[in-house]
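Reader: I have a model open on my screen and would like to talk it through. Could you take me through its main features?

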Amino acid sequence: MTHLKKLLTRPLVNISIGLAVVALIVAVLGFADATYLTIEHYRGIVPPCSITGGCEEVLTSEFSTIVGIPTSLLGIIYYLLICVGVFLYLDTKKAVILKITLMLPWFGLGFSLWFTYLQIFVIRSYCAYCLVSAVITATLFFISFIMFKRSHSFHENI
Amino acid sequence: MNIKRIIFWIVFLAVLGLIAWGLIVALNKPLHNQLRLGTPSEVKTIDNARGPITAPVTIIEYSDFQCPACAMYYTLVEQLIASSPNIRVVYRNFPLYPLPHPNSMIAAQAAESAAKQGKFWEMHDMLFSKQSAWSDLPKEKALDMFKSYATTIGLNIVQYSADFDSPTVKAKIDADRTEGETLGINSTPTFFINGKAIVNPQGYDAFKKIIDEATR
């Protein structure tokens, strides 16, 4: 618990700009992916089933919306927040902005794990674009983890 | 706020906007690549066909019993057949197996086994109209379900079970799928009207129009 408290209260330091840029690029990819899925969801026409697909089952399943909002639309908002957050940090260099932004993938990872579980065990269909989103979020989480680790080590070594 | 930062932000937002706009434009265009598919082989005696041989319009469909889009188009084709006596429909197997449709192969086997007893279309109708009931089942349960369909449509079950795993049934499915791949098919359903690939019509009226044009 003390670790978590330290994590939340201490400022983020020893930030790698390179990693932040990587996070931005990855989040833009996530944004594109979620946008694609949202358009597919709203097109309302029947997408043909393709060799690489499975998206038609997943995107038409009962899990494709949360209280009427397409999950992919939430994905757009999520990736957009990360994009803007990281970009805002790169512009202003205010560490607190990056810190808050980098906490988003923690929740994102939870959602991604849940949706991947649903695809494997409940819907029994795999949508490549949904899996790509899960990989992107896992990557963002990994970047976030490294950033916090660097910051933590820095604080401990003072 | 200096001009450089403003440009910085405009470029960033423009990139995101362009991505969204590009995707919307790209996805709203029909997939014209389907038109570049090859020409399927002539209808053979081994093919599952219905409708008069002399019909001026032949629809060759490459399809997958577990594909939701195929089940939707099944209802459209049913309406087309009901509306006109001038249509011949040929079903060829293109199971997207093992992924994304793990039950598509056994469904094709069930249909081709029914075909051995002259009841392909009865099984075809059964599989499509009840797709949601067996689509998500584990293999063993789906097999039981197909067997119950076989009973319902009046197949000899002993014969059905023997045919199900027979090399001829598997060879038929493989031959269909291999030909489909040679033609360049990568999604289902894919329709050929009088040998020519069409872009999947959105709805009954659009489909009817294509058929009417081909009849003339």
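Author: The exchange below covers the overall form of chain B, its sheet, one helix, and then a residue of chain A. Please keep in mind that this is a predicted model.

Reader: What does the secondary structure of chain B come to?

Author: Chain B has 9 helices and 6 strands.

Reader: And what radius of gyration does chain B have, set against a compact globule?

Author: The radius of gyration of chain B is 22 Å, whereas a compact globule of 216 residues would have one near 17 Å. Along the principal axes, the C-alpha atoms of chain B fill a box of roughly 80 × 45 × 30 Å.

Reader: What share of its residues count as buried?

Author: In chain B, 45% of the 216 residues count as buried. The accessible surface of the chain is about 10600 Å², and carbon and sulfur atoms contribute 61% of that area.

Reader: Which share of the contacts in chain B comes from residues 24 or more positions apart?

Author: Such residues account for 79% of the contacts in chain B with a separation of 6 or more.

Reader: How far apart are the mean positions of the positive and negative charges?

Author: They are 8 Å apart, taking the 21 positive and 20 negative charges of chain B.

Reader: Now the sheet, please. In what order do its strands lie?

Author: The order in chain B is β1-β3-β2-β5-β6, an open sheet of 5 strands with mixed pairing. Strands β1 and β6 (196-197) of chain B stand at the edges with a single partner strand each, so each has one side without a neighbour in the sheet.

Reader: Which strands pair with β3(B), and in which sense, parallel or antiparallel?

Author: Strand β1 of chain B, residues 48-50, pairs with β3(B) in the antiparallel sense over 3 bridges. Strand β2 of chain B, residues 57-63, runs parallel to β3(B), and 7 bridges join the two.

Reader: Which residue in β3(B) is the bridge partner of Ala49(B)?

Author: That partner is Val90(B). Val90(B) is also the bridge partner of Ile60(B). Elsewhere between the parallel pair, Thr58(B) stands opposite Arg88(B), and Tyr62(B) stands opposite Arg92(B).

Reader: Why is β3(B) described as largely enclosed?

Author: Strand β3(B) covers residues 87-93, and 7 of its 7 residues are buried, so the rest of the structure largely encloses it. The same reasoning applies to β2(B), where 7 of the 7 residues are buried.

Reader: Which way do the side chains of these strands point?

Author: In a regular strand, side chains alternate between the two faces of the sheet. From β3(B), Ile87(B), Val89(B), Tyr91(B) and Asn93(B) point one way, while Arg88(B), Val90(B) and Arg92(B) point the other way. From β2(B), Val57(B), Ile59(B), Glu61(B) and Ser63(B) point one way, with Thr58(B), Ile60(B) and Tyr62(B) pointing the other way. The charged-type residues named here, Arg88(B) and Arg92(B) and Glu61(B), are buried too.

Reader: Turning to helix α4 of chain B, is it mostly covered or mostly open?

Author: Helix α4(B), residues 120-129, is mostly covered, with 7 of its 10 residues buried. Among them are Phe120(B), Trp121(B), Met123(B) and His124(B).

Reader: One last topic: where is Leu19(A), and is it buried or exposed?

Author: Leu19(A) lies in helix α2 of chain A, residues 17-43. Its relative accessible area is 18%; the cut-off for buried is under 20%, so Leu19(A) counts as buried.

Reader: What is Leu19(A) in contact with, beyond its neighbours within four places in sequence?

Author: Its contacts there are Ile143(A), Ile146(A) and Met147(A). By contrast, the C-alpha atoms of Leu19(A) and Cys127(A), 108 residues apart along the chain, are separated by 29 Å.

Terms used
Residues are numbered from 1 along each chain as its sequence is written. Chains are lettered from A and ligands numbered from 1 in the order in which they are written. This is a predicted model: local features need pLDDT of at least 70, side-chain atom pairs count only at pLDDT 80 or more; totals for chains, interfaces and linings use all residues. Side-chain values use heavy atoms; hydrogens and water are left out. Helices (H or I, at least four residues) and strands (E, at least two) are DSSP runs, numbered from the N terminus. The radius of gyration is taken over C-alpha atoms; the globule rule is 2.2 Å times the number of residues to the power 0.38. Buried means under 20% relative accessible area, exposed over 50%, partly exposed in between (1.4 Å probe, protein chains only). Contact means heavy atoms within 4.5 Å. Accessible areas come from the Shrake-Rupley method with a 1.4 Å probe; for residues, only the protein chains shown count as cover. Lys and Arg count as positive and Asp and Glu as negative; His and the chain ends are not counted. The place of a charge is taken as NZ of Lys, CZ of Arg, CG of Asp or CD of Glu. Two strands pair if DSSP finds at least two bridges between them.
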